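Me: I'm new to this one, so could you walk me through it? I'd like to hear how each label is earned.

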Amino acid sequence: MTCVAARTATFIRLLVHGIHVCQKIYESWRTQVVVGYFMQTALVVMGIVSRLRVLFDTWLQELQGLYRILIDWVQHIP
């Protein structure tokens, strides 16, 4: 059970890193929109990255709930 909790914690850290990467990509492409270069490509990339961020947020919330349940179970196992 502790192995599952540890793997869940690792996946949570991976999702948090993915969220930060999505934010950096979004911000860098937003500057391309302001400048006017590659406008269509920038809008497509920004749309994809924003959808990925929402997906990562959803997964993160579900995994944090799972982690809380697992930690509670581990504490009650003799």
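Reply: Sure. Let's start with a yardstick: buried means under 20% relative accessible area, exposed means over 50%, and partly exposed is what falls in between. Keep in mind that this is a predicted model.

Me: Okay, so why is Arg53 called partly exposed?

Reply: Its relative accessible area is 25%. Partly exposed covers the range between under 20% and over 50%, so Arg53 at 25% gets that label. Asp57 is partly exposed too, because its value is 26%.

Me: What makes the contact between Arg53 and Asp57 a salt bridge?

Reply: The cut-off is a side-chain nitrogen of Lys or Arg within 4 Å of a carboxyl oxygen of Asp or Glu. Here the N to O distance is 2.5 Å, so the pair qualifies. The structure holds 1 salt bridge. Both residues sit in helix H2, 4 residues apart, about one turn of the helix. An α-helix has 3.6 residues a turn, so residues three or four places apart point the same way.

Me: How do you know that the span of helix H2 agrees with what a helix should give?

Reply: H2 runs over residues 39-76, which is 38 residues. At 1.5 Å a residue it should span 56 Å, and its end C-alpha atoms are 56 Å apart, so the two agree.

Me: What do the buried residues of H2 pack against?

Reply: They pack against helix H1, residues 2-35. Among the buried ones in H2 are Leu63 and Leu70. From the other side, Thr8 lies in H1, and, leaving aside neighbours within four places in sequence, Thr8 is in contact with Leu63, Leu66, Tyr67 and Leu70.

Me: And why is Thr8 counted as buried?

Reply: Its relative accessibility is 8%, and the limit is under 20%, so Thr8 counts as buried. The label also fits Cys22, because that residue has 6%. Cys3, by contrast, is partly exposed at 47%.

Me: How many disulfides turn up in the whole structure?

Reply: The search finds 0.

Me: Last one: what makes the protein chain more spread out than a compact globule?

Reply: The chain has 2 helices and 0 strands. Its radius of gyration is 18 Å, well over the 12 Å that the globule rule gives for 78 residues, so the chain counts as more spread out than a compact globule. The C-alpha trace spans about 65 × 15 × 15 Å along its principal axes, and 21% of the residues count as buried.

Terms used
Residues are numbered from 1 along each chain as its sequence is written. This is a predicted model: local features need pLDDT of at least 70, side-chain atom pairs count only at pLDDT 80 or more; totals for chains, interfaces and linings use all residues. Side-chain values use heavy atoms; hydrogens and water are left out. The expected span of a helix is 1.5 Å times one less than its number of residues. Buried means under 20% relative accessible area, exposed over 50%, partly exposed in between (1.4 Å probe, protein chains only). Contact means heavy atoms within 4.5 Å. A disulfide is a pair of cysteine sulfur atoms within 2.5 Å. The radius of gyration is taken over C-alpha atoms; the globule rule is 2.2 Å times the number of residues to the power 0.38.
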